[in-house]
Amino acid sequence: IVFNNYIQLTDAVRAGARKGAVGRHQQNPQGVVIQAVRDASTSLKQSDLNVSVTSSWQQGEDVTVSASYPYSINLLGVVIKSGRMTSTTKERVE
């Protein structure tokens with residue numbers, strides 16, 4: 001389950017960064033990117049998903065999208081490891 005959540009988190013961040021790379025002309029590009037990340041991570045609990053976007057929205061500059069999500073690894077009902085997994089993607093603004 002943890003690996004599946006990580007794959008979905010990584011794909012959602014990639015989708016958000018791509019939306020940011022082509023969406024600099026949006027009225028609220030940061031909001032559009034955050035919504036794209038949330039839309040691409042439908043099986044993750046949205047209240048636990050933290051998304052951040054950093055960009056100047058100037059053509060040729062980078063947009064950086066990061067997201068984190070909690071995880072817990074259990075072995076026979078005992079928590080072995082827990083924390084927050086993080087994924088970050090950068091794309092150049094077109």
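In the predicted model, the side chains of Arg 18 and Glu 91 form a salt bridge, with a nitrogen-to-oxygen separation of 3.5 Å. This contact joins distant parts of the chain, since Arg 18 belongs to helix H1 (residues 2-22) and Glu 91 to strand S3 (residues 78-92), the two residues being 73 residues apart. Arg 18 itself is partly exposed, its relative accessibility being 35%.

A salt bridge is also found between the side chains of Arg 18 and Glu 94, where the N to O distance is 3.0 Å. Here again distant parts of the chain are linked, with Arg 18 in helix H1 and Glu 94 in the segment after S3, at a spacing of 76 residues. Glu 94, at 46% relative accessibility, likewise falls in the partly exposed class.

Strand S3 takes part in a further pairing, in which Asp 62 forms a salt bridge with Arg 92 and the closest N and O atoms lie 3.8 Å apart. Because Asp 62 lies in strand S2 (residues 62-75) and Arg 92 in strand S3, this pair ties together parts that are 30 residues apart in sequence. With regard to solvent accessibility, Asp 62 is partly exposed at 32% relative accessibility, whereas Arg 92 is exposed, with a relative accessible area of 53%.

Through shared partners, the salt bridges join Arg 18, Glu 91 and Glu 94 into one network. By the criterion of a Lys or Arg side-chain nitrogen within 4 Å of an Asp or Glu carboxyl oxygen, the count of salt bridges comes to four, among them the Arg 18–Glu 91 pair, the Arg 18–Glu 94 pair and the Asp 62–Arg 92 pair.

Key: Residues are numbered from 1 along each chain as its sequence is written. This is a predicted model: local features need pLDDT of at least 70, side-chain atom pairs count only at pLDDT 80 or more; totals for chains, interfaces and linings use all residues. Side-chain values use heavy atoms; hydrogens and water are left out. Helices (H or I, at least four residues) and strands (E, at least two) are DSSP runs, numbered from the N terminus. Buried means under 20% relative accessible area, exposed over 50%, partly exposed in between (1.4 Å probe, protein chains only).
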